[in-house]
Amino acid sequence: MSDAASAEKQLRDRIASAKRVVIKIGSSAITSVGPGVRRDRLEFLADAAEGRMAAGSDVFMVSSGAVAAGMAPLGMNVRPRDIASKQAVASVGQAELAGAWGEAFARHDRKTGLVLLTATDIGRRDTARNAQRTLDKMRTLGIVPIINENDAIATYEFHFGDNDRLAALVAHLLSADALLLLSDVDAMYDRNPSQPGAERISYVAQHDLLANVEAGDGGALGTGGMASKLAAAKLAADAGVPVVLTSAELADQAVSPGFTGGTVFEPRAERMSARRFWVRHVADAHGSVSLDDGAVAAITTGPRRSLLVAGVSHVQRGFFKGDVIELCDRAGALVARGIAGYDAAELRDLLELRAAETEKGGIGRPLVHADDLVVI
């Protein structure tokens, strides 16, 4: 057995024995134009989740489909395009989905609870901790969480854009042992699987850039295509969470030992701390600075180092102390993100003065401490 095949088998065995599992369901897997919520599909997926829970795992469901589910009760055959209409339709769809999932799991004497999140909730550390505590308490009470983006109130600026990314963030928030991304495609392929010669990618190593993969957008009912799923899978893997990407039709097999289908993504060897993950993937950047070549080399190679004021060329966008800022090279390319130790105005003053102690070693606190700096 080759090294890659051995690594894939170990990863699949690890996923098969995962204790805490997040399962994300795509819109197209549980809704359709006209009928709306496909209750038979929800029942099938609830059966698969019940099988996993009966085997001793904790399961958290991330369900798309609020807009699609709300279209049928309102007599709509075309997905609305403007944000206000989407949010109004989603408010109807959330109730439809919550009821349908509740009925599907009630067949197994399971209670469900609806948890609606926005990017702002995950981006703020206090509300993220509250969400984490709520989800964990639901687990201890035997409640199956049905998690969805709060489409009815999420604004354009703070929109997850799709539930694939939400699922990856939730997987990190819960320190999940595995994330299953279930949609209408059985695996990731190097091109559209309908094209001749398309080949399934069974295993993606941690540092595989997938440069030869062509990923498309979502379909008529959803917002997350293969590009979205790929980004979410890589995000979760970067957080240290193993990922399986496959079809919802294979859910019963995907949650069982011995599953060889779909695509599995190798996670980072060591889980990223919650603070560093928040800096890299969740928090909004409120400013940016340009670094000289020496500073770029210092923070991107070798052991983790703090960014000293001496390595900053100039301030590109304003910020306040405590904000997450982008650290760019001379060409403007993003190389890292971190939490600022100075206000932009204070930093500009230091750069103008170029005091001797700053030039020789950055005496005083660094602009970004090593614990708050994440290389991109």
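Which helix holds the place of Ser 228? Ser 228 sits in helix α9, residues 226-238. The model is predicted.

**Strand β7**

Strand β7 spans residues 178-183. Six of its six residues are buried, so the strand is largely enclosed by the rest of the structure. Both faces are covered. One side carries Ala 178, Leu 180 and Leu 182. The other carries Leu 179, Leu 181 and Ser 183.

β7 pairs with two strands, listed here with a facing residue for each.

| Partner of β7 | Bridges and direction | Residue opposite Leu 182 |
|---|---|---|
| β1 (residues 20-25) | five bridges, parallel | Ile 25 |
| β11 (residues 243-247) | five bridges, parallel | Thr 246 |

Leu 182 thus has a counterpart in β1 and another in β11.

**Annotated site**

An unreviewed UniProt entry lists a "binding site". Its positions include Lys 24, Ser 183 and Asp 184. Thr 223, Gly 224, Gly 225, Met 226, Ala 227, Ser 228 and Lys 229 are also listed there. Ser 183 belongs to the buried residues of β7. What is the relative accessible area of Ser 228? The value is 14%. Ser 228 counts as buried because buried means under 20%.

**Gly 99**

Gly 99 lies in helix α5, residues 83-106. Its relative accessibility is 32%, and it counts as partly exposed. Thr 112 is 13 residues from Gly 99 along the chain. The C-alpha atoms of Gly 99 and Thr 112 are separated by 9.2 Å.

Key. Residues numbered from 1 in each chain as written. Predicted model: local features only at pLDDT ≥ 70, side-chain atom pairs only at ≥ 80, totals over all residues. Heavy atoms only, no water. Buried < 20%, exposed > 50% of the residue type's maximum accessible area, 1.4 Å probe, protein only. Helix = DSSP H or I, 4+ residues; strand = E, 2+ residues; numbered from the N terminus. Pairing = 2+ DSSP bridges. UniProt positions renumbered as here; feature names shortened; annotations may be inferred.
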